[in-house]
Amino acid sequence: LTAFGLTSNQLTGTIPTEIGSLWEMRLLQLGLNHFTGTLPMEFRSLWALQFLDVSENSLTGSPANALRASRRLNRLWLQNNNWTEVETFCSQTTYPELTLMNANSCEERNLYNCSCCTTCCDSPPVVQRHCFAL
């Protein structure tokens with residue numbers, strides 16, 4: 001299984017840790033649900049993950065903790081959650097292929113530390129990183 005979409009299914013509770021066993025997953029869409037808690041640490045097994053959408057839930061914690069091994073990640077939708085700790089996502093060394101990240105607004109720019117991003121205020125709010133080739 002390389003793609004799994006559960007967008008807008010009114011799902012509740014925590015994100016199942018078993019998703020982490022789908023280590024060849026490239027596209028995972030869990031947005032527009034009612035998930036709570038943190039991203040499972042088992043997501044560290046998703047080494048092939050390229051696109052993750054966890055937007056529009058009630059997730060907390062640090063998304064970066066669970067995504068450390070996802071070095072192929074190039075699109076990340078995080079907006080409209082309750083993150084309590086957000087680490088740098090625009091880091092070339094951590095996420096070398098990250099080119100698009102959805103954040104909430106310019107007010108959250110400092111939280112996402114996008115020093116190499118060119119825009120943070122588009123509608124929808126998309127952070128585009130163009131410094132990855134430098």
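# How the labels were earned

Modeller: This model is predicted. Start at strand β4, residues 34-37, which is joined to β2 by 3 bridges, the two running parallel.

Colleague: What makes β2 and β4 a pair?

Modeller: The cut-off is at least two bridges between two strands. β2 and β4 have 3, so they pair. One position to look at is G13, whose bridge partner in β4 is F35.

Colleague: In what order do the strands of the open sheet stand?

Modeller: The order is β2-β4-β6, 3 strands with parallel pairing. β2 (12-14) and β6 (58-59) are the edge strands. Each has a single partner strand, so one of its sides has no neighbour in the sheet.

Colleague: How many helices and strands does the chain have?

Modeller: There are 2 helices and 10 strands. From the N terminus, the elements read β-β-β-β-β-β-α-β-β-α-β-β.

Colleague: Where is confidence lowest, and where is it highest?

Modeller: Strand β9, residues 117-119, is lowest, with a mean of 42. β2 is highest, at 98. The chain as a whole has a mean pLDDT of 76, and 69% of its residues reach 70 or more. Residues 105-134 stay under 50. The model has 64 contacts beyond four places in sequence for that stretch. Predicted coordinates should not be read in detail where pLDDT is low.

Colleague: Why does S70 count as buried?

Modeller: The cut-off for buried is under 20% relative accessible area. S70 has 0%, so it counts as buried. S70 lies in the loop between α1 (63-66) and β7. Leaving out residues up to four places away in sequence, S70 touches F43, L46, L49 and Y95.

Colleague: Why does N80 count as partly exposed?

Modeller: Partly exposed is the band between under 20% and over 50%. N80 has 37%, so it falls in that band. N80 sits in the loop between β7 (75-77) and β8 (100-102). The C-alpha atoms of N80 and S58 are 7.6 Å apart, with their positions 22 residues apart along the chain.

Colleague: What makes the link between the side chains of N80 and E56 a polar contact?

Modeller: A polar contact needs N or O atoms within 3.5 Å, one able to donate a hydrogen and the other to accept it. The side chains of N80 and E56 make such a contact at 2.6 Å.

Colleague: How many aromatic pairs does the structure hold?

Modeller: It holds 2. In one of them, W23 and W47 are 6.1 Å centre to centre, with 25 degrees between the planes.

Colleague: Why is the pair of W23 and W47 called stacked?

Modeller: Ring centres must lie within 6.5 Å to pair, and planes under 30 degrees apart count as stacked. At 6.1 Å and 25 degrees, W23 and W47 satisfy both, so the pair is stacked. The pair links distant parts of the chain, 24 residues apart. W23 is in the loop between β2 and β3 (27-29), and W47 is in the loop between β4 and β5 (51-53). W23 is partly exposed at 44%. W47 is partly exposed at 38%.

Colleague: What makes the pair of F51 and W77 edge-to-face?

Modeller: Planes over 60 degrees apart earn that name. The rings of F51 and W77 have planes at 90 degrees and centres 5.7 Å apart, so the pair is edge-to-face. F51 is in strand β5 and W77 in strand β7, 26 residues apart. F51 is buried, with 13% relative accessible area. W77 also counts as buried, at 17%.

Colleague: Which residues in the largest nonpolar core touch the most other members?

Modeller: They are L28, L39, F43, L52 and L67, from a core of 23 residues. Leaving aside neighbours within four places in sequence, L28 contacts F4, I19, F43, L46, L49, F51, L52 and D53. Across the chain of 134 residues, 43% count as buried.

Colleague: How do you know that A3 is partly exposed?

Modeller: Exposed would need over 50%, and buried under 20%. A3 has 42%, so it is partly exposed. A3 is in strand β1, residues 3-5. A3 touches M25 and L27, with residues up to four places away not counted. From C-alpha to C-alpha, A3 and Q29 are 8.3 Å apart in space, against 26 residues in sequence.

Definitions and conventions: Residues numbered from 1 in each chain as written. Predicted model: local features only at pLDDT ≥ 70, side-chain atom pairs only at ≥ 80, totals over all residues. Heavy atoms only, no water. Helix = DSSP H or I, 4+ residues; strand = E, 2+ residues; numbered from the N terminus. Buried < 20%, exposed > 50% of the residue type's maximum accessible area, 1.4 Å probe, protein only. pLDDT = per-residue confidence, 0-100. Contact = heavy atoms within 4.5 Å. Phe/Tyr/Trp six-rings, centres within 6.5 Å; stacked < 30°, edge-to-face > 60°. Core = buried A, V, L, I, M, F, W, Y, C linked by side-chain atoms within 4.5 Å.
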